[in-house]
Amino acid sequence: GSSFFIIVCPTAVTRAQEESKASKMSQAEESEVPASVAAEEEDADHEDDEEDEEDEEVDKEDEPARSKAAVPPAPVKKTKKDSLDKKKVNTTSSKAGLCFPVARLRKSLKEGGYAKRIPIGGAIYLTAVIEYIVAEILELAGNSAKEQKKNRIIPRHIQLAIRNDEELNKYMSNVTIQGGGVIPNIHTVLMPNKNPPKGGAAGASGSFSQEY
């Protein structure tokens, strides 16, 4: 049979041993970590754990709020007042700064046939005059109601307010207010005489017989 012989060079063996020792030393250096670096890594790990715990607590606190938010709110009924507030009211009365409706009074003037043409200025002027008179009457009527310790204005208060004011009484002299009553007034002739005449003659002349 044939036999093989392997010749190993001593220099190659020594190089291989040196390389293995160098690799082992480098691995040992890499595995050895300084104590300060290890402490910093541990602190960072603790901080990460604390942050995770805080996040979990915040999530638990937010859970009921989220559940409440998930429930849809009850529908709110819209009223006419809300719709009017949203819409910008741009009428003739608002432009003129009045409360009474200018358009309605102008329509009444047109239907009355008082003139061929009814300009907007005439309707605004008439509306302002009527509003002023109504405000004056209501102010006086409110004062008379307050004097009588009442919280509601009734026709009696309006009657007293008009008749006790000289200008309004003259302006509304031919007006009769239903349920207003009369103004308490007694003529001086009908009042009893405080100083009756003395003496018989005066008394005889002062008395008249009712016999016919």
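Helix α6 gives the largest share of the lining of the largest pocket, four residues. Helices here are DSSP runs of H or I with at least four residues, numbered from the N terminus. A pocket is an open set of points on a 1 Å grid over the protein atoms alone, with protein on both sides within 12 Å along at least five of seven lines, and lining residues have an atom within 4 Å of a point. The model is predicted: local features need pLDDT of at least 70, side-chain atom pairs count only at 80 or more, and totals for chains, interfaces and linings use all residues. Residues are numbered from 1 along each chain as its sequence is written, and side-chain values use heavy atoms, without hydrogens and water.

The lining consists of Tyr132, Ile133, Glu136, Leu140, Asp165, Glu167, Leu168 and Tyr171. Two or more of these residues come from each of α6 and α8 (166-171). By class, five are nonpolar (Ala, Val, Leu, Ile, Met, Phe, Trp, Tyr, Cys or Pro), none polar and three charged (Asp, Glu, Lys or Arg), with the others, Gly among them, counting as polar.

Helix α6 (residues 120-147) also meets helix α7 (residues 155-163): their axes come within 8 Å and cross at roughly 115 degrees. The two are therefore roughly perpendicular, a term for angles of 65 to 115 degrees. In contact, with heavy atoms within 4.5 Å, are Ile137, Leu140, Ala141, Ser144 and Ala145 of α6 and His157, Ile158, Ala161 and Ile162 of α7. These residues divide into seven nonpolar, two polar and no charged. Leu140 of α6 is thus named in this contact and in the pocket lining.

Technical notes: Axes fitted to C-alpha atoms, helices over the stretch in contact; angles between N-to-C directions. Parallel < 35°, antiparallel > 145°, perpendicular 65-115°, else oblique. 1 Å grid on protein atoms, 1.4 Å probe; cavity = no way out; pocket = protein on both sides within 12 Å on 5 of 7 lines; lining within 4 Å.
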